[in-house]
Amino acid sequence: MSMPPPIAAEGTNCEVSADLASLSMLASGGSRVTLTAEKLRLSCKCAHCTRARFDERFPDGFPGIAIVGVADLGYGLNISFSDGHNRGIYPKSYLVHLAEP
Ligand SMILES: [Zn+2]
């Protein structure tokens, strides 16, 4: 089985793992933070997901979800997921915050 090449957003230190299950990013200070696709999907703050959470119809988990695309907008990353959701923009400070234990 051949794996697709890792997706790297142009001009950033962001990299999606070969299995598409996690994203790593170089944070300020030089440390590398890693986030799983599921954690990112669960943490989406777009209007659609915010509304779904408010209506209590946002899922508790996204088993098997993968990252299929990353676009660097400068202040943040627009991440596309294998469930077709691609509206989430993750400010870089938010990503670092998410990666904290
Ligand atoms: Zn969303």
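## Confidence of the model

The pLDDT is the predictor's confidence in each residue, given on a scale from 0 to 100. It applies here because the structure is a predicted model. Among the elements of the protein chain, the highest mean pLDDT, 98, belongs to helix 1, and the lowest, 90, to helix 3, which covers residues 92-99. Over the protein chain the average pLDDT is 89, and 88% of the residues score at least 70.

## Overall arrangement

The protein chain contains 3 helices and 6 strands. Their order along the sequence is β-β-β-α-α-β-β-β-α.

Of the 101 residues in the protein chain, 16% are buried. Contacts can also be sorted by separation in the sequence: of those between residues at least 6 apart, 43% join residues at least 24 apart.

## Strands 1, 2 and 3

Strand 2 pairs with strand 1 and is also joined to strand 3. Strand 1, residues 15-16, pairs with strand 2 in the antiparallel sense over 2 bridges. In this pairing Glu15 stands opposite Ser24 of strand 2. The two strands form a hairpin with 5 residues between them, and in this hairpin Leu20 has a positive phi near 65°.

Strand 2 also runs antiparallel to strand 3, residues 32-36, and 5 bridges join the two. Here Met25 has Val33 of strand 3 as its bridge partner. This hairpin too has 5 residues between its strands; in its turn, Gly29 takes a positive phi of about 100°.

## The two faces of strand 2

Which residues of strand 2 lie on its covered face, and which on its uncovered face? The covered face holds Leu23 and Met25, whereas Ser22, Ser24 and Leu26 form the uncovered one. In a regular strand, side chains alternate between the two faces of the sheet.

Two of these residues also appear in the bridges described above: Met25, from the covered face, is the partner of Val33 in strand 3, while Ser24, from the uncovered face, stands opposite Glu15.

## The largest nonpolar core

The largest nonpolar core has 14 residues. Those that touch the most other members are Leu23, Ile67, Val70, Leu77 and Ile79. Four elements each give two or more residues to this core: strand 2 (22-26), helix 1 (37-42), strand 4 (67-72) and strand 5 (76-81). The largest share, 3 residues, comes from strand 5.

Leu23 links this core to the preceding section, as this residue is on the covered face of strand 2 and is among the core residues that touch the most other members.

Note on methods. Residues are numbered from 1 along each chain as its sequence is written. This is a predicted model: local features need pLDDT of at least 70, side-chain atom pairs count only at pLDDT 80 or more; totals for chains, interfaces and linings use all residues. A nonpolar core is a set of buried Ala, Val, Leu, Ile, Met, Phe, Trp, Tyr and Cys residues joined through C-beta atoms within 7 Å. A residue is buried if 20 or more other C-beta atoms lie within 10 Å of its own, exposed if 12 or fewer, and partly exposed in between; C-beta atoms are placed from the backbone. Two residues are in contact if their C-beta atoms, placed from the backbone, lie within 7 Å. Two strands pair if DSSP finds at least two bridges between them.
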